[in-house]
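Here are my notes for anyone opening this one for the first time. Have a look at the model, then read on.

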Amino acid sequence: HCVTGVQTCALPISVFFHPDSARYNVSMVQYRMKEDGSFEEITTPDPGQNFADKYIRFFPRSVLLGPNEAQVVRMQLSRTENLAPGEYRSHVYFRAVPRETALGMQDNRKKDTASIGVKLIPIFGITIPVIIRVGTSTTKTSLSDLKLEMVNDTTPRLHLVFNRSGNMSVYGDVLVNYYPPEGKPILVGTVKGIAVYTPNSKRIFGMDLQKKPEVDFHRGSLHLTYQSQSDTKPEKYAEADLTLK
């Protein structure tokens with residue numbers, strides 16, 4: 001989600017675990033993306049990374065939702081007139097507030113005093129990246145280190161590396177087409193929403209491909225396309241080919 005001006009976004013949160021309402025707190029958190037695509041919470045930006053939280057105002061900061069209800073959280077840019085060119089990223093965090101049992105409502109059933117009891121209370125949450133981009137993008141992307149392996153001799157798994165350079169993150173979909181020695185290409189794999197966030201220069205990735213009767217993963221080739229998400233004419237970020245043996 002890129003914030004380039006005043007923008008309003010809505011996140012539908014459905015409540016399945018309680019028949020009545022539930023409360024969620026809204027805050028900002030900071031994350032580092034690792035090379036494998038996982039995230040790690042941080043408080044200080046890495047070299048080449050900029051946080052966006054101090055330039056964003058949002059309301060409300062707490063929402064009360066009934067089952068299957070949605071809440072609109074309004075966000076507005078603030079104090080951005082002197083921002084240096086580049087990208088600024090933070091993550092909006094929606095965190096469920098645990099329900100507290102009122103005094104006198106505790107379970108008074110007879111307990112075994114010789115045993116140890118542990119009560120686990122799950123806390124549900126979701127984060128959404130919010131990105132401010134200033135200036136012209138110099139980002140370039142390429143795909144490398146393509147390798148196909150058969151997992152348990154049954155599942156074709158494709159390994160690759162996303163390489164990113166420049167001043168901004170990249171986000172898009174991966175399409176894998178199989179090209180037989182003769183005939184038309186066949187789509188054998190799609191993964192949506194693959195990101196490489198600044199300041200990362202690469203992301204290691206793996207995906208399972210579809211097995212189809214007309215596909216022989218020992219002959220022909222695979223053609224990979226990494227492109228933007230668009231219903232009209234997506235922008236191609238990078239392409240690569242792998243000859244099958």
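The points below go from the whole chain to one sheet and then to some aromatic rings.

1. A word on ground rules. This is a predicted model, so to speak of local features takes pLDDT of at least 70 and side-chain atom pairs count only at pLDDT 80 or more, while totals for chains, interfaces and linings use all residues. Residues are numbered from 1 along each chain as its sequence is written, and side-chain values use heavy atoms, with hydrogens and water left out.

2. The chain has 17 strands and zero helices (DSSP runs numbered from the N terminus: E, at least two residues, for strands; H or I, at least four, for helices). Of its 245 residues, 37% are buried (under 20% relative accessible area with a 1.4 Å probe, protein chains only; over 50% is exposed, and in between is partly exposed).

3. Take contacts between residues at least 6 apart in sequence: 68% of them join residues at least 24 apart (a contact means heavy atoms within 4.5 Å).

4. Now for one sheet. Three strands make an open sheet in the order β11-β12-β15, with antiparallel pairing (strands pair if DSSP finds at least two bridges between them). β11 (140–151) and β15 (202–208) are the edges, each with a single partner strand, so one side of each has no neighbour in the sheet.

5. In the middle of that order, β12 (residues 155–165) is joined to β11 by 10 bridges and to β15 by seven. If you want places to click, M150 stands opposite P156 in β12, and R157 has D208 in β15 as its bridge partner.

6. Check the two faces of β15: R203, F205 and M207 are on the covered one, whereas K202, I204, G206 and D208 are on the uncovered one.

7. The whole structure has seven aromatic pairs (Phe, Tyr or Trp rings, the six-membered one for Trp, with centres within 6.5 Å; planes under 30 degrees apart are stacked, over 60 edge-to-face, the rest tilted). The F162 and F205 rings have centres 5.8 Å apart and planes at 70°, so this pair is edge-to-face. It links β12 to β15, with the two positions 43 residues apart in the count, and both residues are buried.

8. Y226 and Y237 also pair edge-to-face, at 5.3 Å centre to centre and 65° between planes. Y226 is buried, at 0% relative accessible area, but Y237 is partly exposed at 24%. Together, F162, F205, Y226 and Y237 form one aromatic cluster.
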